[in-house]
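Please consider the model shown below, together with its sequence. The paragraphs after it lead through selected features in turn.

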There are 2 protein chains.
Amino acid sequence: MTEKTFSIGELCAEFDVTPRTLRFYEQRELLSPIREGQKRIFTARDRARLKLILRGKRFGFSLESIRQWLELYDLGDSQVTQLTTWLEHAAQQMDTLREQRDELQDAMTELQDLITYVERDLEVRGAAEAAE
Amino acid sequence: MTEKTFSIGELCAEFDVTPRTLRFYEQRELLSPIREGQKRIFTARDRARLKLILRGKRFGFSLESIRQWLELYDLGDSQVTQLTTWLEHAAQQMDTLREQRDELQDAMTELQDLITYVERDLEVRGAAEAAE
DNA sequence: GATGACGTTGACGTTAACGTCAAGCTAAAT
DNA sequence: ATTTAGCTTGACGTTAACGTCAACGTCATC
């Protein structure tokens, strides 16, 4: 089974980015499309990585840090020692993600408190108005 | 009770930012310190806002979008209609935060699956080694 | 009265992450 | 054969978010 591949235009359309962006990611070694002649051919792996890249960007990570934890996602046929190192890196990345998630949760709780307060205020005002 | 105030240096030390940063935030209207002579005096409100700013940055938000949802945090003695509008904006902001949190959760789940897989792999290898 | 700590206002420099041309190739359609 | 669509490689431009440097003011201190 020959894997599905994509032209630069196809990927751009699917993920709403420009060719410039994908070429830039290639230059920074976040993607590594094959060449057919001089045209770029993106594999399913590239597509998967692009998904991860864009998600990482939404998290506010830099391309460089994204590049590093992309490496987590293609562990080959590694030695035991390498797997152990991998596990450490993975655990670190988990911590980073967890921290950010928790902080988001805090922000949400705070905002929700404010919202609840304002809603109560509106209720009270509504009651006062009804009592006129 | 006269509220506590801060010099630019104090805030910088506390939050590990440079004076340039705080002046920049003032110029972009994220902070609005008072002047004493020509020196900036930061109030407790400025300090609170700075906290929110830095948190927002960790979330990957732009200063401009941070500036907007900072407005959520100082609702004055508003009219009912304004409070209703406020509630809409707040709800939107909650959606944004929730979305990002959920996406972070997804990323964590994925990574955890990988970790579990690798851990199992290591266990199997350990068992194989012990059987030699 | 000079020195040093802390602050000020410009103004220009820098880095990341692309955008925006210009000039050219290449295969398919007119 | 030429237009069109999609791709290529430079190379310079842009925006956000500051950094850096120069030149200056203002106290407290030595």
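The account begins with the sheet, proceeds to one helical residue and ends with the relation between the chains. The model is a predicted one.

In chain A, three strands form an open sheet in the order S1-S3-S2, and their pairing is antiparallel. Strand S1 (5–6) and strand S2 (34–36) of chain A are the edge strands; each has a single partner strand, so one side of each lacks a neighbour in the sheet. Between S2(A) and strand S3 (residues 39–43) of chain A there are 3 bridges, and these two strands run antiparallel. The pairing can be followed at the level of residues: A:Ile34 has A:Ile41, in S3(A), as its bridge partner.

Attention now turns to a helix of chain A. Helix H5 of chain A comprises residues 80–130, and A:Gln93 lies within this helix. Is A:Gln93 buried or exposed? The relative accessible area of A:Gln93 is 10%, and because buried means under 20%, A:Gln93 counts as buried. Apart from neighbours within four places in sequence, the residues in contact with A:Gln93 are A:Phe61, A:Trp69 and A:Leu72, together with B:Leu111 of chain B.

The relation between the chains remains to be described. A turn of 180° with a shift of 0.1 Å along the axis lays chain B on chain A with an RMSD of 0.1 Å. The two copies are therefore related as by a two-fold rotation axis. Within chain B, B:Gly60 has the C-alpha nearest this axis, at 1.8 Å from it. Both copies use the same surface, since 100% of the contact residues of chain B recur in chain A.

Technical notes: Residues numbered from 1 in each chain as written. Chains lettered and ligands numbered in written order. Predicted model: local features only at pLDDT ≥ 70, side-chain atom pairs only at ≥ 80, totals over all residues. Heavy atoms only, no water. Pairing = 2+ DSSP bridges. Helix = DSSP H or I, 4+ residues; strand = E, 2+ residues; numbered from the N terminus. Buried < 20%, exposed > 50% of the residue type's maximum accessible area, 1.4 Å probe, protein only. Contact = heavy atoms within 4.5 Å. Least-squares fit on C-alpha atoms with pLDDT ≥ 70 in both.
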